[in-house]
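Me: I am new to this structure and would be grateful for a close look at a single part of it. Please take one residue as the starting point and describe its surroundings in a connected account.

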Amino acid sequence: MKFSDMPYSRPDVDALRKQLRALTETLKTAPDYSAAKAAFLQQQELEKHLSTLSTLVEVRHSIDTRDTFYEAEADFFNAVLPEIQQAGTQALLDSPFRADFEREYGSVMFLNAQMELKTFSPEIIPELQQENDLVQAYEKLLASAQIPFEGKTYTIAQIGPLKQDPDDARRLAAWKAEGQWYKDNQAQLDELYDKLVHLRDTMGKKLGYGGYIPLGYYRMGRNCYDQNDVEKFRKAVRTYLVPLADRIFRDKAARFGKQYPMSFADNAVMFRSGEAKPTGTEQDTLNAGKAFYDALSPETGKFFRMMLDNELMDVLSTEGKQGGGYCTELIDYEVPFIFANFNGTRDDVETVIHEAGHAFAAWKNIHRIPVDTLLPSMEGCEVHSMSMEFFSWPWAELFFGKDTQKFKYSHLAGALTFIPYGTMVDHFQHEVFEHPDWTPRQRHDCWKQLLGVYMPWQKLDGDIPFYSEGEGWQRQHHIYSFPFYYIDYCLAQTVALEFWAKIQSDREDAWR
Ligand SMILES: [Zn+2]
């Protein structure tokens, strides 16, 4: 079915609640495994349906944040989802047939269910609802940005390419214009985050963890690593990767004939002669994507055509559209959906391949029961997408033509220099939640200090508002909207680099 034909109407929450309660009762009192399993499977169907409806709302709302109908529906789901979703978990954990369930469906769902219970108590429902509202307010503020530049106005996504303009003065001016927008809105950005930090800290305390960090890990569904592991990883990044990444920026400063450290604006471009650019239009990039997925394997070819035929990729940047890109699933229809904001740079290519990497993994796995394990934990998901980016290298010429070598250098250098940035985003959040009573000023100071440790190649002279004042964290959606979701990218990028190495020696084997 085409995306535009997928019907939506608001579900009857009372009826749903009743059905779920009845199923939970059946699960508790089932005389044998087959009765318990039947109730479990019915509950899975309801969950799929509810997920499909709320995802339709979320996607349509993010495509046009000005649409008041889907805005109201998004508010509706934000208000009801937290309480609906809890129903059957405890009953499943208490089931006398748990061993039978584990044999048939694996033990991960129990591990996840136990963790999920640690993230919730009816006591924190008010905080969860306020948290949703604040996150929406942040996303809406960024989506509504109107940045004046050269007599026109730009959204944040639209000004992105100008921040990579080959002309030094124009590029710097674009950085300053965007930075100034953040400065002009900083009081609101500070206030939103301050409220979010206190809310999250309160949730952690109400649940008995003394603060937010343990709760943040449980909410991220981290079922195989903890804070100690992350600290070890962080240390390794500082020891091994920061010096390597630093060399990339020192080399570049030498190539540019400028003094190290260079400004954010100068570091934003890789080559004096211009960045690697897709050779054609946005449509050409999509066509090249199709050719790549056709060539990679029969399954990926079938998959990508299905996505195009059913309007499952909304990738052009339009007004009112939420920033960023994501992949999600419409489980009732057994399809994934890709959302992006194309801007005419090499990011478009990486986005279509990256998000389609997620989508391909989801599509291959879409029938899985339990629904909760359709996707692995986040760092596992990103291994699919980031590795797919490296699998596309032999076909890079389809996208980049004569710029192919430039693309490969930027891509690999980008992977190596991203990990310190991402690790810093994560480190910052640990500091913030260890000091929940910090003032906004203290949070900015912390970010600025971490920049010196993880990104010594950025000049912090205050010349570019917001960025070179050491306050650029407020543009990072994850810090507001998905706390502690960022180290996942760093872990996955590390694994993707292992794939990169393997692809150099034996691509067939790496794909297998
Ligand atoms: Zn991703």
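Reply: Leaving aside residues up to four places away in sequence, His-354 touches Glu-382, Ser-385, Met-386 and Glu-389 in this predicted model. With Glu-389 there is also a polar contact between the two side chains, at 2.7 Å. His-354 itself is located in helix 16. The residue counts as buried because its relative accessible area is 11%, and the limit for that term is under 20%.

His-354 also takes part in a metal site. Through its NE2 atom it is one of the protein donors of the zinc ion, together with His-358 (NE2) and Glu-382, which appears twice with an OE atom. These donors lie 2.1 to 2.5 Å from the zinc ion. The 4 donor atoms form angles of 54 to 144°. The site is therefore classed as irregular, because a tetrahedral arrangement would need all angles between 85 and 135 degrees.

Along the sequence, the donor residues follow the spacing H-x3-H-x23-E. His-358 belongs to helix 16 (residues 346-364) and Glu-382 to helix 17 (residues 378-391), so this pair ties together parts that are 24 residues apart in sequence. Both His-358 and Glu-382 are buried. Glu-382 thus appears in two roles in this account: as a residue touched by His-354 and as a donor of the zinc ion.

Definitions and conventions. Residues numbered from 1 in each chain as written. Predicted model: local features only at pLDDT ≥ 70, side-chain atom pairs only at ≥ 80, totals over all residues. Heavy atoms only, no water. Donors = N, O, S within 2.8 Å, 3.2 Å for Na, K, Ca; no water. Tetrahedral: all angles 85-135°; square planar, octahedral: opposite > 155°, others 65-115°. Helix = DSSP H or I, 4+ residues; strand = E, 2+ residues; numbered from the N terminus. Buried < 20%, exposed > 50% of the residue type's maximum accessible area, 1.4 Å probe, protein only. Polar contact = N/O pair within 3.5 Å; in protein donor to acceptor, adjacent residues only side chain to side chain. Contact = heavy atoms within 4.5 Å.
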